[in-house]
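Hello,

Here is the structure I promised to pass on to you. Please have it open while you read the notes below.

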Amino acid sequence: MLNIGNKQKRVDGPQKVTGKATYAADIASPFYHAYVLQSTIACGSITAIDTSAAEAFEGVKGIFTHKNLPERLKNKVDYTDPLSPPGKPFRPFYNDKILYNGQPIALVVAQTFEQARYASKLIKVTYEEKKFKGSLSDNLKNASADRAPEPASNRGDFKKAFKNSDYTIIREYRQSRNYHNPMEPHATSVEYKSDGSLVVYDKIQGVASSLKYLNGVFGLGADRVQVKSDFVGGAFGSGLRPQYQLFMATLAALELKHNVQMVMTRAQMFSFGYRPEVIHTMKLGCSKDGILKALSHKTVGETSTFEDFNETIVDWSGLLYKCDNVNLEYELTPVQSYTPLDMRAPGGVSGVYALECAIDELAHEAGIDPLEFRRKNYVDYDQNEDKPFTSKELMACYARCEEVFGWKNRKDLSKTEPHLLKGYGMATGSWEALQQPASVSLSMNEEGTFTIKCATADIGTGTYTVMSQIAADKLGVSIEKIKFMLGDTAFPDSPIEGGSWTVSSVGSAVASVCEKFKYRIADIWKRNNPDYQAVAFEDISFQKGKLEYGSKTFAFTEIMQQASKEELSIAHSESPAAGQNTHSGYAHCCVMVEVTVDKDLGIIKVPRLVNVSAAGKIINPKTAENQLLGSMVWGLGMALREEGMVDTRYGRVMNANFAEYHIAVNADIHDIHTEFVEEKDDKVNPLGAKGVGELGIVGLAAAISNAIFDATGKRLRKLPMLLDDVLEA
Amino acid sequence: MKPFQYTRLSTEDLSLGTTLRDSTILAGGTNLVDLMKYGVEEPDSLADIGKLPYAQIEESDKGLLLGALVTNADTAYHAAVKSTYPVLNKAILAAASSQLRNRATNGGNLLQRTRCYYFYDTTMPCNKREPGTGCAAIKGFNRIHAILGTSASCIATHPSDMCVALAALEAKVHVLRKGETIVIPFDQLHRLPGDQPEKDHNLEPGDLITHIQLPAEGFSEHFEYLKIRDRESYAFALVSVAACLKVSQGKIADIRVALGGVAHKPWKLKEVEKDFFGKEASTENFQSLAEQLIQGAQGFGTNDFKISLVKGAIVRALNNALNPS
């Protein structure tokens, strides 16, 4: 009967592969279709906008620009969402100002998508252009720590320790801008009801965020709008904040009093957030025997001119290895672009990339094997926070990864062709294991089927499946008896799905509500069976949909007949475990990679990737492995492929499509092996589970970079690492 | 997408002399429809040639006649192409994705347009798309751009893989012009940009490619198509080399080297090839050929690496052709 720990297939799998899963753009109501016209300059203002030809075009129902934004959207309107960084959020059509190239400047609503798209081209816009800083490099001198949150406290005396170190390195690492590119483009479908209320189907990682935004901007409270999001076709952080299609479709629906749908094009998917370009400066020093003595990590990141987007980047360098003398600095500089946005393992992936490259460089300077170097500098408490970890089985990851990969004998692993150089690299990865408050409700029907509701999301991660597994085990019923429902503002509150905390937060709440149900049904049973009034709860068990006491069994459905419906509708709000305060929770991994580099042509290939993770209790090894594979593929893409190419003369992304923005394809992916080591954790949350949605991408780019060095003797201190970087290094 | 007239042509339309002059020809549509969505191409009228009788591959003593409407996939997997012209098979399969190859036609492949970022973005200056507006690529992102035969007005490349193999094979293109079939040697089909980069090729309005004629010699013994790109599939060539050799007692009896990703057309110099006839098939000679073939190559910043890369690629391709795996 145990589901937890089983490779349970996705409960929503059949719906997905038969096309029955309804994503935000799959709603079948008769919609008007909205298409956005985007600015072609990055900075300045609109001096004239002529929409007459577009208005006259067949099928056009309405056009919205800064010229006709309803007055009520201008005064005392709150455009923030729960994850707005400091600054002023982007306000579509608010005035004539252009803040970035690709900014939505007009919305055309028409009977068909094609009509709207073409009519948008008939709008004539004239601009007054201003000079601007188009990139991080262009605007480094305006980088400031004042705009960024303060990193973890410095400790010890970095300068002195660095000076006294036997081996030191000072290195700069650069990462280019990356875009999320989920398979499903952002979309919002708004149904306009006869009473003026709305049902909004949004692509979002948490419906509460959409609701908060709609309430702030349009004054639509939960009484007038319901936000739903049954399925999300990948988001990776791009759905953490409501994106502009929500504003557009809602504005049009309210003004035209009609259903409106807006689906972004792939090119438009490059017109909002992204993982920012950053530059890291690393200074590390160690003793002769490889003990880390001094570490300084400074990062400068790009943000927009209107919001100060920040990530936790440099803190990771204060966390991963034992070091008494640490200096951490973080600065932001504005560029003429939209605000960056959290992307899978935000901050961690960037900070750990620089740290793990630098650690490899220092180990090399000291003449110590990179794995040995990491073991020497292992730390078993959180130095930033001065707290113990809830659990940390990283040493076991190192040992198992070393064994599976064959790290010790790696140099004589296999023969290669004469022009191919082979190299091996490794890195440590880590991600937070947080728990947020979450609420759920549970009810059982006459057939003994349980409906559990929570406003959380399933962004492809497996929420439906994992929650069903947890509930089935806790209730002692088969998984078919569980109906888990999510993505609806009518359901109990949930944290946004992100931060790898959904299993930890919602899963713990599900476990608790099931526990409450068992107490409740035991009470009803005792109430109606006077013989058993004195039975202790501990002496009862729950299996196969039945309450068991001694040799007697009582079906839940039978007991239910003696109760009111209300009695079997149970709500529960779960607070984070005490261990979340007293301890630091992190998941860890070790990643090892093999690369080949063509010494004449510079072509880099990755024949083998091995990741061994410690992430507490793994609820579903199938979906967990799935997440690791996905994040490792992306790590490879980040290392070798992906680059948002912004032409700084125009502030414009020049490769806003899948042909030229290179995500890794099947042919790029060879052997990937993932494993989990046993990690017991009774502090992180009641389930002892840590999320794995982000862990696998952390450290991977560094491991590939380190392997390229091993193969070629060249350090390519930038991402992505392209064949010309090899040839020119 | 701008509204347009759509006509599906029949063989009668052609024999009646219906002119193709005023229409844009639609075959597989894998490039044209994309460009229409982007607003790069805004034809008033589309002539769909999908039903015209050019969808066969015919064998003869003189070689293979590839219909213009045969798909890239059907061409690559045709038995005679696989056995006699393996360099063509390899080049086609190195291109695009299987979905695109199933749809794209041979004629359309020849006439596909450049993948220059600035050509594709209608908000950008581009002499090819809008003559006289300037070239944003020369001082912009030009990592994928040309190093040979460029002009001050355009540094775009021709993106086809198939064409590079066809250039190496010295194929001929059959064109229906005013009711007559004319034959154009492959190296005269495409152009260098000069001061008219808006013209990709030497066809006249109303011309229709009907067939590609492959010569009898297919270099099935010594061949290679080497494509160097930013990922292992679904990426255009940074540099590609179609290499064909005939070797007799260690000496070069015939040699063909065509380059992709480096110019506005597949780059091939017959006079350079001829210099090596009779010489030893050695790495040294291949290096020397590579030097001569790319003489005058000029980078524009981010594509400077192509100059050394293409030399390495030529030598590798010829060595691979010499010893096919």
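Which residues of helix 5 of chain A are buried? They are A:Val207, A:Ser209, A:Ser210, A:Leu211, A:Tyr213, A:Leu214, A:Val217 and A:Phe218, where buried means under 20% relative accessible area with a 1.4 Å probe, protein chains only.

Before going on, please note that this is a predicted model, in which local features need pLDDT of at least 70 and side-chain atom pairs count only at pLDDT 80 or more, while totals for chains, interfaces and linings use all residues. Residues are numbered from 1 along each chain as its sequence is written, chains are lettered from A and ligands numbered from 1 in the order in which they are written, and side-chain values use heavy atoms, leaving out hydrogens and water.

Back to helix 5 of chain A (helices are DSSP runs of H or I, at least four residues; strands are runs of E, at least two; both numbered from the N terminus). Its buried residues pack against strand 9 (198–202), strand 10 (225–228) and helix 6 (244–256) of chain A, with contact meaning heavy atoms within 4.5 Å. Just after the helix, A:Gly219 takes a positive phi of about 65 degrees.

Now to chain B. Five of the six residues of strand 6 (172–177) are buried, so this strand is largely enclosed by the rest of the structure. Strand 6 of chain B pairs (at least two DSSP bridges) in the antiparallel sense with strand 7 (180–185) over six bridges, and with strand 8 (208–214) over five. B:Arg177 stands opposite B:Glu180 of strand 7, while B:Lys172 has B:Gln213 of strand 8 as its bridge partner.

Enjoy exploring!

Methods
Buried < 20%, exposed > 50% of the residue type's maximum accessible area, 1.4 Å probe, protein only.
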